[in-house]
Amino acid sequence: MVETNVLTESSVFGQIAEHQHEQVVFCHDHETGLKAIIGIHNTVLGPALGGTRMWHYTSEAEALNDVLRLSRGMTYKAAISGLNLGGGKAVIIGDAKTMKTEALLRKFGRFVQNLNGKYITAEDVNMTTKDMEYIRMETKHVSGLPESMGGSGDPSPVTAYGTYMGMKAAAKKAFGSDSLAGKRVAVQGVGHVGTYLMEYLQKEGAQIVLCDYYEDRALEAATRFNARMVGLDEIYDQDVDIYSPCALGATLNDDTIGRLKAQVVAGCANNQLANEDVHGPELVRRGIIYAPDFLINAGGLINVCSEVQGGNRQSVMTQTERIYDITTQVLNKAEQEGSHPQAAATRQAEERIAAIGKVKSTY
């Protein structure tokens, strides 16, 4: 059944204006059941590249809010990583376990094709390289394809590596050493990226507590990594050194921040701060080191960028490793300025966009 909620001009264009998006595309197809939104935030540095996620949103307004926040984050992620890409993102509304079909994905690919390269898609939550193959049947503007098709493959391992680098940099700031041996880490979400991140944590000797929306997946991960599984809401109350949000966004909010015992927050989820202007400063006030999400989870974007603009696996891993140094730089900058890390990282990204925008001002 199609939802009949009417979005007002204020709720749609007001949000678009607030985040300064260039374009938002609503995609609908009755035959396949496709309901999707593509958000293109900024293309000053290049075409907007960002993954597509499929999620059972409670409302269309929630889906719109998610795609706007995610695409904005992709702009900053590309800019701070030194990539010549803009920021975009797409969401498909629906339960991936029951609604995802070849026809639905290929129809979505047609909508991507109609944007003529302004938006390049890739995989995100509940999407796979196989799904990208279906989308590729209808558009060339897709990345994250299997290596057998000449693509860069699953970006999850590289996303996890960048998150791991950022976590180590934040740990050094908080504890005086970047070693994670013996550190207690609470991993919220054990999907593709979360699982690869736990491989790095296990190899270094960290102690893992975990949770996941899907209980069977959490049980499997707990067994594999000799970790302790807790409930979805219990993860915030754990006596750990590091809280690592690796699921959906806005888990750092009025309710949860006061419950954290961790001294470091470093995870691969996007938009971890429910309100950047409120919860970024609150973490600083509580003495918690926050590794900016769009900075440390940029490895996946770096990976698919190599597929679109050229590069090899070694160059991808070398560039992703630089996330350690950039994170250190941002944390020190925030401390010196008396601001919070998310604000410092955002300013650094915006400064690059503004500078390159002036370069491109001459036709």
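## Exercises on a predicted model

Helix H7 (residues 192–204) lies across strand S6 (184–188), strand S7 (207–211) and S9, and its direction makes an angle of about 160 degrees with S7. Keep in mind that you're looking at a predicted model. Grab the structure and let's work through it.

### Exercise 1: the sheet

Task: Find the order of the strands in the open sheet, and work out which strands stand at its edges.

Solution.
- Step 1. Trace the sheet from one side to the other: its 6 strands come in the order S8-S7-S6-S9-S10-S11, with parallel pairing.
- Step 2. Look at the two ends of that order. Strand S8 (228–229) and strand S11 (289–290) are the edge strands, and each has a single partner, so one side of each has no neighbour in the sheet.

### Exercise 2: strand S9 and its partners

Task: How many bridges join S9 to S6, and how many join S9 to S10? Then say which residues cover the two faces of the strand: are they buried or exposed?

Solution.
- Step 1. Start with S6: this strand and S9 pair in the parallel sense over 4 bridges. For one of them, find Val 187, whose bridge partner in S9 is Ser 244.
- Step 2. Now go to the other neighbour. Strand S9 (residues 242–245) and strand S10 (residues 264–265) run parallel and are joined by 2 bridges. Ile 242 sits opposite Val 264, while Tyr 243 sits opposite Val 265.
- Step 3. Here's a handy rule: side chains in a regular strand alternate between the two faces of the sheet.
- Step 4. Sort the residues of S9 by face. Ile 242 and Ser 244 are on one side, Tyr 243 and Pro 245 on the other, and all of them are buried, so both faces are covered.

### Exercise 3: the largest pocket

Task: What is the volume of the largest pocket, and which strand or helix gives the most to its lining?

Solution.
- Step 1. The trick for finding empty space is to roll a probe the size of a water molecule over the atoms. Here, the largest pocket holds about 960 Å³ of space.
- Step 2. Find the middle of it. There are 45 lining residues, and Arg 53, Val 125, Cys 246, Ala 247 and Leu 248 are the closest to the centre.
- Step 3. Check the elements. At least two lining residues each come from strand S3 (48–55), helix H2 (60–80), strand S5 (119–123), helix H6 (156–175), H7 and helix H11 (299–309). S3 gives the most, with 5 residues.
- Step 4. Sort the lining by class: 21 residues are nonpolar, 16 polar and 8 charged.

### Exercise 4: the second largest pocket and the cavity

Task: Which residues lie nearest the centre of the second largest pocket, and which residues line the largest cavity?

Solution.
- Step 1. The second largest pocket has a volume of about 330 Å³. Its lining has 15 residues, with His 19, Arg 72, Asn 275, Glu 276 and Asp 277 nearest the centre.
- Step 2. Two or more lining residues come from each of helix H1 (9–19), H2, helix H9 (276–285) and helix H14 (341–359). H14 has the largest share, with 4 residues.
- Step 3. By class, this lining has 2 nonpolar, 7 polar and 6 charged residues.
- Step 4. Over to the cavity, which has a volume of about 30 Å³. Its lining is made of Arg 72, Gly 73, Tyr 76, Asn 271, Glu 276, Asp 293, Phe 294 and Gln 342. H2 gives the most here, with 3 residues.

### Exercise 5: a helix on the inside

Task: Why can you call H11 largely enclosed, and what covers its buried residues?

Solution.
- Step 1. Count what's buried: 8 of the 11 residues of H11 are, so the rest of the structure largely encloses this helix.
- Step 2. Pick them out: Gly 299, Gly 300, Leu 301, Ile 302, Asn 303, Val 304, Cys 305 and Ser 306.
- Step 3. See what covers them. The cover includes S3, H2, S5, H6, helix H12 (313–321) and helix H13 (323–337).
- Step 4. Just past the end of H11, spot Gly 310, with a positive phi of about 100 degrees.

### Exercise 6: two asparagines

Task: Where are Asn 126 and Asn 271 found, and is each one buried or partly exposed?

Solution.
- Step 1. Asn 126 is in the loop between S5 and helix H5 (129–136). Its phi is positive, near 65 degrees, and it isn't a glycine.
- Step 2. Asn 271 is in the loop between S10 and H9. It isn't a glycine either, yet its phi is positive, about 55 degrees.
- Step 3. Apply the cut-off: buried means under 20% relative accessible area. Asn 126 has 24%, so it is partly exposed, whereas Asn 271 has 10% and counts as buried.

Terms used: Residues are numbered from 1 along each chain as its sequence is written. This is a predicted model: local features need pLDDT of at least 70, side-chain atom pairs count only at pLDDT 80 or more; totals for chains, interfaces and linings use all residues. Side-chain values use heavy atoms; hydrogens and water are left out. Two strands pair if DSSP finds at least two bridges between them. Contact means heavy atoms within 4.5 Å. Axes are lines fitted to C-alpha atoms, for helices over the stretch in contact, and angles run from 0 to 180 degrees between N-to-C directions. On a 1 Å grid over the protein atoms alone, a cavity is a set of points where a 1.4 Å probe fits but cannot get out, and a pocket is an open set with protein on both sides within 12 Å along at least five of seven lines; lining residues have an atom within 4 Å of a point. Grid points are joined across faces, edges and corners, and a volume is the space filled by probe spheres set on the points. Ala, Val, Leu, Ile, Met, Phe, Trp, Tyr, Cys and Pro count as nonpolar, Asp, Glu, Lys and Arg as charged, and the others, Gly among them, as polar. Buried means under 20% relative accessible area, exposed over 50%, partly exposed in between (1.4 Å probe, protein chains only).
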